[in-house]
Amino acid sequence: MDDFWTREHSDFESEADVETRFVTPLLLALGHALDNIAAKKRVLFREGRNSRIGRKPEADFVVYADRPHCRATALLVVETKHPREMLDQGREQAESYAQNIRTPLYLLTNGKQVEVWQLQIVGDSELVFSDSVENLAASRGHLEGLASRDALLSLCTGLRFKNMDVVRRDLSEYETNETRRCERELSFTVPRFLTRAGQDDVQAELVLDGNEKGAIVLGSSGFGKTTLGKALLLEALEKRLEGSSAQLPFEVFLPDVPVGECTLETYLVGRVSAHVPGYNLSAFKDEAKTNGVLIVADAFDRVSSLERPKLTTQLRNILRDFPKSRILVLSRPNLLPDIALSTFSLRGFDEKDMWALLVNGRELRDRGYSRFKLPEHLVQLCQIPLLASLVANHYHSFERFPTNVNTLYEEWLGRILHPFPVVEKAQLRAFLEELSAQTAIGPMDIGRCFQLAKEMDVSAGLNQLADADAITIRGTSVELVHEGLADFFRAQRLLRLPPAELLASLNAISTDGSSQFPGLLLSGAPTPEASRVVWEALAGQSIKVALASLKFTIGDGERRPVSNSRNVAEALLTDVLTSIEVLLRTHFSDQFAFDVRSRLAGRPVSALGIEGHIDRGFVNFSFFDAEQDDTRVRFGEAEEPYRSWGIALDKQDYDAGAGRILGAQRIADAIKELIDCRRLRGGPVWTQETVLSRLRHLARFYSMKFSAPYDLEHCKADLLPISNRRMGDRLRSRAQYIHTGELIEDIDGLMSDGITVLHEWWVEPRDLDFNAPVARAKLAHTLDEYFRRSQQAYVEVVRRDLPGLAAYLRECASIPVRYDLRGAIVKVHGGHDLHLNYERWPVRDLANAGADLSFPENPMIDLSRSTSDAYISKTELVLAKVGRPGSDFRITRGGIAVPQFNGRSHRSGDREDETAVVSYVAKMLSDDCQQVFSVIPAFRWR
């Protein structure tokens, strides 16, 4: 290429012209091999969620020393500009690429000028070469001394993040081949983030850092666990290649490990020996002891129940026998391995992630970002990465967004089967459906797969199915490439059954909230009758699964258009009513369900009916007592309803199939109202607290002659003359709502249990001298009792009124706990006030629940990431110690308000004169129920 230096370089017309006619010849003239010059290299930034939306960044050229092409071997970034553009316009971009890829130099050119900049560890980059293209021959020696292959290799020898000796390492063949495989399978990825209790989101790659022994990463079906595993493996390989980590990385599809035939160690040896002949178990153990291994263990949830404990033991043994090792386990939330590792949840996509998929390297011109505005009916669905990818594919094909989830799967399947003739397509589809059915528990053995293919006469198409990414073959295991597609086939098979058989089949299987199967059943139901059967089955098994499935049923009106017709209105109103009734009769006590119906109708009702109509896209409905009515669904406008609701369906992205969503919303609102006015029943502690609250309110607000200690016999005698009185506004003020008849019933219940007097068991903190030891002891006793009684009362209410929600309420999963309170006395307005900080720890039972109060010299809690990690890890260890491993314990700490026991709290949501326990329990229940019902799709007005 010597003639390059004497050749004339001019008349470039475009940036592409500069790249083709100048940059590539220049790099070759500098001694770089063509197969080590990567053009349009995608650069993945990991700076967080505030990255700019738009075209995904890619360097014009990245020059490498040799294979594998990774950060360890990257030498030079080249950024080209249009001949009419100034080089300054590309410098910041080029520098960011160089920093990310870790090249010591970057080169800028527009075909007229050439600049070379050297990155500096501290401060700005340094311009080390600048000359015109026409003068390049004269400055050849200077440029070659900086940017030739030999010069860059020499420069990199002193850089700790460079390792040009990769190809001469004993395991380089394995490392290189695995790196190439990951790069091939990760052609386009969106940076992923993990959540952990009590912490902000963290970049997924950070689980590879620090002193942790690894992590368990949980994600539902479609959340991209396998893709994340490959991304983490690639990052780990690059760290090893560049020398910043010594651990030898492995990606293991756990169902592939033949636990009964060999150990996990032997299996890993086989992974390496396939690339490095002669590698044996002794070499593996030496490597693991010296440097450690990193195992990305995918699909723990797909391991058979018989082999799961054995595989868990072998994973634990790796960590025990090789202390420098790290294990990352990927699984669904319902199946956690019993390994003492930090647990993270894989975050779904946000709108920026979705936009990244939609743009995917395209230049945004003309309409810009507005054309990629995601419709409201897809926002929740696209939090699932798989569905986001399918939506993006649909948009790229049709330049519009889909309205039916099933359409997305049919299009996916259509792309897979596109190369096949019509008859063969039908045969292969039937084969994939049968494969899905037979791999519901775990992957199929490859021998059985060959036999099935032979029986269904599709043996010739197996290789093509694998090439088309329809099935995946890992070792001796075969299954569909994605569990979401398998769920689609399973749902389609079930939905072809007659309603009676469909109901029996649904009742016989357990629906998993971490899979897409329930949602695909509901969205794919071919008739209203089938849809009703599916909904009742889902709602009967799990309120969480049923509510989460609703997002699969929504569309923008193309599936079930909104119209003014009576049939459309009656169908929608029927769905509203059946949604309410199915959820109420399954998950709540009879009395609480009665109270919900009464809240909806605005008065007590024996049987709930609904009346309404649709007018120009606006549905209006109300509820009535249908006990004496021939029908429970009436078309028309109620004359004087006690309560009514109106929803602009077309303005809020609902279609005529939104009845179940609207019904679930009405239940959520009614539950909130019942909690707000304390229409809840519990056990002895809750009853004591609510009776005490009402007696104190009657004395203060209505001047009744009640005082502490409250003699219940005397109080009852004073209440009997007004036993049918209702006092207080239910919702519009902070006064308590009291039905004296119900209060008398509660007093009778307490007396029948032997409780005749109610004492105020607390001291008011604001009346104490916090510096006095005796006062501190009294306060400690009060707070201990307060936290214990609050948890007891909360559990009583949930068990009695909300039994079907118990498994999904956050505090219910956390209780029992014991609070470690740290008091700080501060001067305010000439006096003293008490501030409390807390950590809390799980305990074995409610008898051990409560709080401990101390006044340390430094009461503040260190909220740094390192101490937060330690707190979470300790909590997980304590959970295991008290027999509650793997629970959904809510890990939290920080500051907490000092409770006010005198009934004069001004906190939003508290009621006048009620006890601190009643206020706290109501707040916990309100927050928890809001979280359960937050998955119901709700759209903004547009």
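Two strands count as paired if DSSP finds at least two bridges between them. Strands here (E, at least two residues) and helices (H or I, at least four) are DSSP runs, numbered from the N terminus. With that in hand, look at Phe 250, which stands opposite Ile 295 in strand E11. You're looking at a predicted model, where local features need pLDDT of at least 70 and side-chain atom pairs count only at pLDDT 80 or more, while totals for chains, interfaces and linings use all residues. Residues are numbered from 1 along each chain as its sequence is written, and side-chain values use heavy atoms, with hydrogens and water left out.

**The whole chain**
- The protein chain has 32 helices and 28 strands.
- Its C-alpha trace spans about 110 × 75 × 65 Å along the principal axes.
- Of its 942 residues, 55% count as buried, meaning under 20% relative accessible area (over 50% is exposed, in between is partly exposed; 1.4 Å probe, protein chains only).
- Take the contacts (heavy atoms within 4.5 Å) between residues at least 6 apart in sequence: 71% of them join residues at least 24 apart.

**A seven-stranded sheet**
- Back to Phe 250's surroundings: there is an open sheet of seven strands with mixed pairing, in the order E8-E7-E13-E9-E12-E11-E10.
- At the edges sit E8 (202-203) and E10 (248-253), each pairing on one side only.
- E10 pairs with E11 (residues 293-298) in the parallel sense, over six bridges.
- What holds paired strands together in general? Strands of a sheet pair through backbone hydrogen bonds, either parallel or antiparallel.

**Nonpolar cores**
- A nonpolar core is a set of buried Ala, Val, Leu, Ile, Met, Phe, Trp, Tyr and Cys residues joined through side-chain atoms within 4.5 Å.
- The largest one has 197 residues, and those with the most contacts inside it include Tyr 409, Phe 431 and Phe 933.
- Helix H32 (residues 916-933) gives the most to this core, with 11 residues.
- Not counting neighbours within four places in sequence, Tyr 409 touches Leu 386, Leu 387, Leu 390, Gly 484, Leu 485, Phe 488, Gln 516 and Leu 520.
- Another core lies apart from the largest one; it has 34 residues, among them Val 259, Tyr 267, Leu 268 and Phe 322.

**Cysteines**
- How many disulfides are there, if one is a pair of cysteine sulfur atoms within 2.5 Å? The count comes to zero.
- Cys 156 is in no disulfide, and the nearest cysteine sulfur, that of Cys 70, is 12 Å away. Cys 156 counts as buried, at 2% relative accessibility.
- Cys 677 is in no disulfide either: the nearest cysteine sulfur belongs to Cys 929, 13 Å away. Cys 677 is buried too, at 5%.

**Aromatic rings**
- Rings of Phe, Tyr and Trp (its six-membered ring) pair if their centres lie within 6.5 Å; planes under 30 degrees apart count as stacked, over 60 as edge-to-face and the rest as tilted.
- That rule gives 26 aromatic pairs.
- Trp 761 and Trp 762 make an edge-to-face pair, 5.2 Å centre to centre with 90° between the planes.
- Trp 841 and Tyr 871 are edge-to-face as well, at 5.0 Å and 75°. This pair links distant parts of the chain, with Trp 841 in strand E26 (residues 831-842) and Tyr 871 in helix H31 (residues 865-881), 30 residues apart.
- One aromatic cluster is formed by Trp 761, Trp 762, Tyr 786, Phe 787, Tyr 819, Tyr 838, Phe 901 and Tyr 920.

Methods:
Disulfide = S-S within 2.5 Å.
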